[in-house]
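Visitor: I have a few labels I would like to see justified. Could you walk me through them?
Guide: Gladly, let us look together.

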Amino acid sequence: MKKLFMALLGLSLCLGFTACGDDDDKGSSATPEPTITTAAGDILKLYSAPYGYWYEYDDKGKLTSFSDVDNTWYVQGNAFTIKDEDGDMTFSFTFNSAGLISSCKGTVSSEDEDGYEKGTVSYDFSYNSKKQCTSAKLTYSGEWSDEYGTGKENGTGTMTYSWQNDNLVKAVHNDKCVYQEIDGRVVEKTIENGRETFEYTYSDLRNPLLQMPLCIAEVVPFDYVIVLDALSLLGLGGVGPAYFPSKVIYTEEYWEDGEEPSSYSDSYSFTFVLNGDGTIASENGQSYSYSSTDGSEYYSPAKRLASSLRENFNKRHHKFTRSKFRKK
């Protein structure tokens, strides 16, 4: 049960096809109505995306629920608050006047025969005048109890995103966690640090709608819970790159205070196919689908496909990112 709370920190938020306005001002918490305007002027809604993302809307076009590869999430009332299907995790959002997420607060509370866990996390996001996400700050805390003892943790994180020629070229995520575990009368306290770096190179395929592909939506901001990858794909946190990426080099470092860092590095390649209206048809062979605003289907829905690509790209090796929620 321990070390759940970094699992709350996955608030990946990018894209924003219809947003207008300025960057960091606080707006409302009303449930958004995300749409995509094609090159031909058609207004669409995302219906499904690669690796298990599905979206449901009411007859007024408001998002009512969505599914990722782990859970189904339900929108609660007029304010944009979502809960997972077990009721263990809740996220509440506020938006700036451009319709971009400016802050998010999350809570988790779970109890079973083995013990309990509970915690909170808070995020704040910044954007530039082009509606590109440039940074995020977070704080989190939590506690748990199981058959091995009890524990507490408190941490902070920063995320910075570097854009060149309207393409995201580098993302850096830094975490610092003070972790205290109590086993009987023995108290073990460690300070754990993590840094993850993503460096992108780009193809010559233009992204005419600035649509956010999943391979970047997973990173901006960094996602430990897949829920916010799903919201990123809807366009609730900034625009995507001007061109589609062809490759990312991923480097991870982890260390406890007083120790030398251990590191891991890998690279992943991407291919894209576009529809005639400029929307993404497929990413690495996996389909996107869309519906018109009245709910009629515009493109055939994508099949639910399991893929090792998703598992490989989502390698998150920090000790403090592992939790039963991530493994659901």
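Guide: A nonpolar core is a set of buried Ala, Val, Leu, Ile, Met, Phe, Trp, Tyr and Cys residues joined through side-chain atoms within 4.5 Å. In this predicted model, the largest such core has 63 residues, and Tyr55, Phe93 and Leu231 have the most contacts inside it.

Visitor: What does Leu231 touch, leaving aside residues up to four places away in sequence?
Guide: Its contacts are Leu63, Phe66, Phe80, Ile82, Phe93 and Leu236. Two names return in an aromatic cluster, which is formed by Phe80, Phe93 and Phe95.

Visitor: How many aromatic pairs does a search of the whole structure find?
Guide: The search finds 10. One of them joins Tyr47 and Trp54, with ring centres 5.5 Å apart and planes at 80 degrees.

Visitor: Why is the pair of Tyr47 and Trp54 called edge-to-face?
Guide: Centres must lie within 6.5 Å, and planes over 60 degrees apart count as edge-to-face. At 5.5 Å and 80 degrees, Tyr47 and Trp54 meet both conditions, so the pair is edge-to-face.

Visitor: Why does Trp54 count as buried, and why does Tyr47 count as partly exposed?
Guide: Buried means under 20% relative accessible area. Trp54 has 16%, so the residue counts as buried. Tyr47 has 23%, which lies between 20% and the 50% limit for exposed, so Tyr47 is partly exposed.

Visitor: What makes the pair of Trp144 and Tyr179 stacked?
Guide: Their planes are at 20 degrees and their centres 5.4 Å apart; planes under 30 degrees apart count as stacked, so the label fits. Trp144 lies in strand β10 (residues 133–146) and Tyr179 in strand β12 (residues 167–183), so the pair ties together parts 35 residues apart in sequence. Both Trp144 and Tyr179 are buried.

Visitor: How do you know that Asp166 forms a salt bridge with Lys130?
Guide: Their closest N and O atoms are 3.0 Å apart. The cut-off is 4 Å, so the pair qualifies. Asp166 sits in the loop between β11 and β12, and Lys130 in the loop between β9 (115–127) and β10.

Visitor: Why does the pair of Asp257 and Lys176 count as a salt bridge?
Guide: The closest N and O atoms are 3.6 Å apart, within the 4 Å limit, so this pair counts too. Asp257 lies in the loop between β14 (243–256) and β15 (262–269) and Lys176 in strand β12, so parts 81 residues apart in sequence are tied together.

Definitions and conventions
Residues are numbered from 1 along each chain as its sequence is written. This is a predicted model: local features need pLDDT of at least 70, side-chain atom pairs count only at pLDDT 80 or more; totals for chains, interfaces and linings use all residues. Side-chain values use heavy atoms; hydrogens and water are left out. Rings of Phe, Tyr and Trp (its six-membered ring) pair if their centres lie within 6.5 Å; planes under 30 degrees apart count as stacked, over 60 as edge-to-face and the rest as tilted. Buried means under 20% relative accessible area, exposed over 50%, partly exposed in between (1.4 Å probe, protein chains only). Helices (H or I, at least four residues) and strands (E, at least two) are DSSP runs, numbered from the N terminus. Contact means heavy atoms within 4.5 Å. A salt bridge is a side-chain nitrogen of Lys or Arg within 4 Å of a carboxyl oxygen of Asp or Glu.
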